[in-house]
Amino acid sequence: MKILILYSSREGQTKKISEFMANHFGSNVKVSPLDLTLDISDFDMLIIGASIRYGHFNSLLYQFVEKNAVLLNKKKTAFFGVNLTARKEGKDDPETNVYVRKFLQRVEWNPNFKAVFAGALFYPRYKIWDRLAIKLIMKITGGETDTSKEIEYTDWNKVKKFVDQLINH
């Protein structure tokens, strides 16, 4: 089975999750940034992961899904969203995570498998305005506000269970 894992990542956590998944699948896996020019027809399974920034997925994700919806709906597919909201219990699955739920309602694609993973908070890597905006959002939502910290919220066991689910179906 040929597997393609596509990702849209801002600071690299979604890419890291995608590469982690690929390592657990073994052979015949290609990992690539989301790109409108990619030919996905040769792959048996497609997995798309995308991160949220300021409440939105990258517009390229919507364009890619719109362009490839017919083919995506014919193949075995999976989608996973990555965001900091998913660090909270009750907001960490596709039905309860507002960003993933809204995305899936807006597109003409119904992935066979769906997941949500908590991302990472990389304060020192952000530009000053992003750092301040994210700090404000985290303060409002009860998150970490120490801008000297980098925190990885991703539950790697949850990611592994998702991969196992994809392998076994």
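Domain bounds here come from an automatic or database domain assignment. On that basis, the chain of this predicted model is divided into domain 1, made of residues 3–119 + 154–168, and domain 2, made of residues 121–153. Taken over C-alpha atoms, the centres of domain 1 and domain 2 are 24 Å apart. Where the two domains meet, 13 residues of domain 1 and 15 residues of domain 2 take part in the contact.

A good place to begin exploring is the largest pocket, which holds about 480 Å³ of space. Its lining counts 27 residues, and the closest to the pocket centre are Ile52, Arg53, Asn83, Leu84 and Thr85. Several elements give two or more residues to this lining: helices α1 (13–25) and α4 (128–140), together with strands β3 (45–53), β5 (76–83) and β7 (120–122). Both domains have a share in the pocket, since at least three lining residues come from domain 1 and at least three from domain 2. In chemical character, the lining of the largest pocket divides into 11 nonpolar, 10 polar and 6 charged residues.

Tyrosine 126 is a helpful residue to follow next. Tyrosine 126 sits in the loop between β7 and α4. Its relative accessibility is 6%, and because buried means under 20%, tyrosine 126 counts as buried. Setting aside residues up to four places away in sequence, tyrosine 126 touches Glu11, Arg53, Ala120, Leu121, Arg131 and Ile134. One of these partners, glutamate 11, is 115 residues away along the chain, yet the C-alpha atoms of glutamate 11 and tyrosine 126 are separated by 8.7 Å. The side chain of tyrosine 126 also has a polar atom 2.9 Å from the backbone nitrogen of phenylalanine 122.

Two asparagines offer further examples of buried residues with polar partners. Asparagine 97 is located in the loop between β5 and α3 (98–106). With a relative accessibility of 0%, asparagine 97 counts as buried. Its side chain is joined to the side chain of asparagine 83 by a polar contact of 3.1 Å; asparagine 83 is also among the residues closest to the centre of the largest pocket. Beyond four places in sequence, the residues that asparagine 97 touches are Asn83, Thr85, Ala86, Lys91 and Val116.

Asparagine 68, by comparison, belongs to helix α2, which spans residues 59–74. Its relative accessibility is 9%, so asparagine 68 counts as buried too. Here the polar partner is a backbone atom: the oxygen of phenylalanine 64 lies 3.0 Å from a polar atom of the asparagine 68 side chain.

Finally, the backbone angles deserve a friendly look. Most residues other than glycine have a negative phi. Asparagine 28 is not a glycine, but its phi is positive, at about 60°. This residue lies in the loop between α1 and β2 (29–33). Tyrosine 54 likewise has a positive phi, near 50°, in a residue other than glycine. Tyrosine 54 is placed in the loop between β3 and β4 (56–57). With a relative accessible area of 38%, tyrosine 54 is partly exposed, whereas tyrosine 126 is buried.

Notes:
Residues numbered from 1 in each chain as written. Predicted model: local features only at pLDDT ≥ 70, side-chain atom pairs only at ≥ 80, totals over all residues. Heavy atoms only, no water. 1 Å grid on protein atoms, 1.4 Å probe; cavity = no way out; pocket = protein on both sides within 12 Å on 5 of 7 lines; lining within 4 Å. Points joined across faces, edges and corners; volume = space filled by probe spheres on them. Helix = DSSP H or I, 4+ residues; strand = E, 2+ residues; numbered from the N terminus. Nonpolar A, V, L, I, M, F, W, Y, C, P; charged D, E, K, R; others polar. Buried < 20%, exposed > 50% of the residue type's maximum accessible area, 1.4 Å probe, protein only. Contact = heavy atoms within 4.5 Å. Polar contact = N/O pair within 3.5 Å; in protein donor to acceptor, adjacent residues only side chain to side chain.
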